[in-house]
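Reader: Hey, I've just opened this one and have no idea where to start. Can you walk me through it?

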Amino acid sequence: QAQLVESGGGLVEAGGSLRLSCAGPESMFRHFVGWFRQAPGKEREFVASISYTGGTVHYADSVKGRFTISRDNAKNTQNLQMNSLKSEDTAIYYCAGTRPGKIFVTTETSYEYWGQGTQVTVSS
């Protein structure tokens with residue numbers, strides 16, 4: 001069974017930047033796509049999402065102004081540009097795609113497709 005695959009994670013110093021990418025089959029890129037993250041000892045939380053056309057985006061308050069989500073439907077990919085990284089951004093980052101119909105983009109149960117995650121570590 002095909003799934004989404006993240007790449008681009010790694011170790012970066014505080015204040016630095018990192019760009020995450022996610023790729024998968026076309027069937028998983030037909031609706032909203034986005035990113036969640038899970039830090040050690042914490043629950044998985046919403047990070048960002050983007051609609052199919054790119055016209056609607058959402059960001060968690062904690063990353064607003066620092067992260068930018070984008071997508072390329074011709075390539076079945078989405079990206080998360082992370083700037084001004086903080087130690088609090090350290091987490092496993094998961095890309096995801098929503099199910100059809102009514103969804104709440106900040107709620108993980110609205111997402112049908114998931115990647116395995118990529119580790120982002122921000123050193124202070």
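Author: Sure. Keep in mind that this is a predicted model. A good way in is the contacts of the protein chain: among those between residues at least 6 apart in sequence, 57% join residues at least 24 apart.

Reader: Okay, and how many helices and strands are there in the protein chain?

Author: Zero helices and eleven strands. Read from the N terminus on, the elements go β-β-β-β-β-β-β-β-β-β-β.

Reader: What does the C-alpha trace span along its principal axes?

Author: About 40 × 25 × 25 Å. The radius of gyration of the protein chain is 13 Å, and a compact globule with 124 residues would have one near 14 Å, so the two agree.

Reader: How much of the chain counts as buried?

Author: 41% of the 124 residues. As for the outside, the accessible surface comes to about 6400 Å², and carbon and sulfur atoms make up 48% of that.

Reader: Let's get into the strands. What's the order in the open sheet of four strands?

Author: The order is 1-3-8-7, and the pairing is antiparallel. Strand 1 (5–7) and strand 7 (67–72) are at the edges with a single partner strand each, so each has one side without a neighbour in the sheet. On average, neighbouring strands here are turned by 15 degrees against each other, ignoring direction.

Reader: How many bridges are there between strand 1 and strand 3?

Author: Three, with strand 3 covering residues 18–23 and the pair running in the antiparallel sense. If you want a spot to look at, find S7, which stands opposite S21 in strand 3.

Reader: Switching topics: how many disulfides does a search of the whole structure find?

Author: One. The disulfide joins C22 to C95, with an S to S distance of 2.1 Å. The link of C22 and C95 is right-handed, at 60 degrees about the S-S bond.

Reader: And which strands do C22 and C95 lie in?

Author: C22 is in strand 3 and C95 is in strand 9 (residues 91–98), so the pair ties together parts that are 73 residues apart in sequence.

Reader: Is C22 buried or exposed? And what about C95, buried or exposed?

Author: C22 is buried, at 1% relative accessible area. C95 is buried too, at 0%. The cut-off for buried is under 20%.

Reader: Fine. Why is strand 5 largely enclosed by the rest of the structure?

Author: Because five of its six residues, 45–50, are buried.

Reader: How many bridges join strand 4 to strand 5?

Author: Five, and strand 4 (residues 33–38) runs antiparallel to strand 5. Within that pairing, R37 is opposite E45 in strand 5. The two strands form a hairpin with six residues between them, and G41 in the turn has a positive phi of about 75 degrees.

Reader: And what about strand 5 and strand 6, how many bridges there?

Author: Three bridges, again antiparallel, with strand 6 made up of residues 57–59. This pair is a hairpin with six residues between the strands, where G54 takes a positive phi near 85 degrees.

Reader: Which residue in strand 6 is the bridge partner of S49?

Author: H58. S49 itself sits in strand 5 and is buried, with 0% relative accessible area.

Reader: So what does S49 touch, leaving out residues up to four places away in sequence?

Author: Its contacts include F32, V33 and G34, then T56, V57 and H58, and also I69, V105 and Y111.

Reader: One more residue: where is L80 found?

Author: In strand 8, residues 77–82. L80 counts as buried, with 0% relative accessibility.

Reader: And which residues does L80 touch, again not counting those up to four places away?

Author: Among them are L18, R19 and L20, along with W35, V47, A48, F67, T68, I69 and Y93.

Reader: What about T56, how far is its C-alpha from that of L80?

Author: Those C-alpha atoms are separated by 15 Å, and the two residues are 24 apart along the chain.

Reader: Great, that gives me plenty to click through. Thanks!

Note on methods
Residues numbered from 1 in each chain as written. Predicted model: local features only at pLDDT ≥ 70, side-chain atom pairs only at ≥ 80, totals over all residues. Heavy atoms only, no water. Buried < 20%, exposed > 50% of the residue type's maximum accessible area, 1.4 Å probe, protein only. Pairing = 2+ DSSP bridges. Axes fitted to C-alpha atoms, helices over the stretch in contact; angles between N-to-C directions. Disulfide = S-S within 2.5 Å. Rg over C-alpha atoms; globule rule 2.2 N^0.38 Å. Contact = heavy atoms within 4.5 Å. Areas by Shrake-Rupley, 256 points an atom, 1.4 Å probe, with all protein chains shown as cover.
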